[in-house]
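Here are my notes for you, written as numbered points. Keep the picture open beside them as you read.

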There are 2 protein chains.
Amino acid sequence: MVETAIERQVERRLAESDVRFTRGRRAVIQALVEADGPKSAAELSVLIGAEVPVSSLYRTLAVLEETGVLAPHYSSPGLTRFELAEWLLGHHHHLVCIDCGQVEDLAVDEPTEQQIQALVSTVAKSVSFSETNHALEIEGHCAKCA
Amino acid sequence: MVETAIERQVERRLAESDVRFTRGRRAVIQALVEADGPKSAAELSVLIGAEVPVSSLYRTLAVLEETGVLAPHYSSPGLTRFELAEWLLGHHHHLVCIDCGQVEDLAVDEPTEQQIQALVSTVAKSVSFSETNHALEIEGHCAKCA
DNA sequence: CTTATAATGAGAATAGTTCTTGGTATGGAA
DNA sequence: TTCCATACCAAGAACTATTCTCATTATAAG
């Protein structure tokens with residue numbers, strides 16, 4: 001089992017918080033490294049298998065969120081999806097399928113991202129909102145549902 | 001009680017679907033007309049008062065969503081907020097407070113919106129995603145939590 | 001004013017998630 | 001190694017937002 005660069009970064013971050021990088025936590029990180037977008041507990045449970053019981057899976061997700069390793073994403077009713085935090089995955093946006101609800105990561109090239117950031121900053125300043133980040137969701141039909 | 005232009009539009013839309021514009025439904029629309037952003041069932045319940053019981057409120061929200069009058073919005077775990085659909089309220093974006101979770105509408109001027117739309121179209125096309133809409137959420141601290 | 005249909009209200013039921021409890025594993029000190 | 005303190009884990013109960021059920025009430029059309 002080769003350890004990815006992301007896993008090494010997670011390991012270091014967890015160590016800083018005196019949190020152990022156990023089997024269950026490793027399994028979640030690996031599943032998310034391989035995924036192409038945010039995944040819910042149920043989706044991760046399928047990807048990982050019965051090796052991590054549901055109650056532990058939720059606790060693992062909570063721990064990884066608290067330590068800043070995972071970021072929550074909300075786009076479907078009553079269901080939280082998680083993805084690797086931006087310091088691990090890089091700033092990106094999302095394609096949301098309005099048919100099946102799946103969310104896919106979207107990497108935006110640097111010049112375009114700078115234009116987006118500039119627009120966002122201008123708009124936020126115009127209403128005196130102290131902006132810390134932005135999220136752009138493009139809605140439409142994914143390849144499967146098209 | 002003065003009837004707003006939005007209420008008249010809702011009335012017409014509901015009539016087309018053979019759905020009645022009853023007191024409870026009217027109360028929800030009025031609350032959302034006065035609100036400055038998407039509201040959850042619990043938040044609406046506070047705004048409207050006990051005159052609309054919880055079970056009816058949820059059903060009302062479902063009916064208004066099905067008829068295309070309301071649009072759901074997800075930004076907090078396990079909780080759906082609703083706002084007037086874009087054909088009633090116009091296209092807009094959101095300011096999301098990362099402290100209290102409240103969401104506020106953000107009207108963007110036409111030239112800026114066109115720039116955003118152009119960027120989104122370009123990006124979507126570059127990954128062959130059939131885009132139907134986009135949503136920009138600016139995250140930060142609201143006036144209360146700043 | 002009757003009648004068919006739609007809507008309502010109260011509470012039971014459900015789904016996703018969180019908490020509790022009792023037991024297990026791990027890393028460091030002796 | 002052995003012990004201890006501190007995570008960590010598994011199973012199921014509990015919780016919260018939401019949906020469903022069903023008996024009752026309101027509404028519009030004839």
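1. In what order do the three strands of the open sheet in chain B lie? They run β1-β3-β2, and the pairing is antiparallel. Keep in mind that this is a predicted model. If you wonder what holds such a thing together, strands of a sheet pair through backbone hydrogen bonds, either parallel or antiparallel.

2. Now look at the edges of that sheet. β1 (39-40) and β2 (70-76) of chain B each have a single partner strand, so one side of each has no neighbour in the sheet. Trace the pairing of β2(B) with β3, residues 79-84 of chain B: there are six bridges, in the antiparallel sense. For a landmark there, find Pro72(B), which sits opposite Phe82(B) of β3(B).

3. Which helix packs on this sheet? Helix α2 of chain B, residues 23-34, does, and it touches β1, β2 and β3 of chain B. The direction of α2 makes about 80° with that of β3(B).

4. On to the DNA. How many residues surround DNA strand C? There are 13, and both protein chains appear among the closest: Tyr58(A) and Thr80(A) from one, Thr22(B), Arg25(B) and Arg59(B) from the other. Of the atoms of DNA strand C that come within 4 Å of the protein, 64% belong to sugar and phosphate.

5. A few polar contacts are worth finding on screen. Tyr58(A) has a polar side-chain atom 2.6 Å from a phosphate oxygen of DNA strand C. Thr22(B) also uses its side chain, with an N or O atom 2.7 Å from a phosphate oxygen of that strand. With Gly78(A), look at the backbone instead: one of its N or O atoms lies 3.0 Å from a sugar or linking oxygen of DNA strand C.

6. Which elements give two or more residues to the surface near DNA strand C? They are β3 (79-84) of chain A and α4 (54-66) of chain B. The biggest share comes from α4(B), with three residues. Sorted by class, this surface has four nonpolar, five polar and four charged residues.

7. Finally, compare the two protein chains. A turn of 180° and a shift of 0.0 Å along the axis lay chain A on chain B with an RMSD of 0.1 Å. Why call that a two-fold axis? Because a turn of 180° with a shift of 0.0 Å is just the relation that such an axis gives. The same surface serves both copies, as 100% of the contact residues of chain A recur in chain B.

Note on methods
Residues are numbered from 1 along each chain as its sequence is written. Chains are lettered from A and ligands numbered from 1 in the order in which they are written. This is a predicted model: local features need pLDDT of at least 70, side-chain atom pairs count only at pLDDT 80 or more; totals for chains, interfaces and linings use all residues. Side-chain values use heavy atoms; hydrogens and water are left out. Two strands pair if DSSP finds at least two bridges between them. Helices (H or I, at least four residues) and strands (E, at least two) are DSSP runs, numbered from the N terminus. Contact means heavy atoms within 4.5 Å. Axes are lines fitted to C-alpha atoms, for helices over the stretch in contact, and angles run from 0 to 180 degrees between N-to-C directions. A residue is near a molecule or strand if one of its heavy atoms lies within 4 Å of it. A polar contact is a pair of N or O atoms within 3.5 Å; within protein, one must be able to donate a hydrogen and the other to accept it, and residues adjacent in sequence count only if both atoms are side-chain atoms. Ala, Val, Leu, Ile, Met, Phe, Trp, Tyr, Cys and Pro count as nonpolar, Asp, Glu, Lys and Arg as charged, and the others, Gly among them, as polar. Copies are superposed by least squares on the C-alpha atoms of residues with pLDDT of at least 70 in both.
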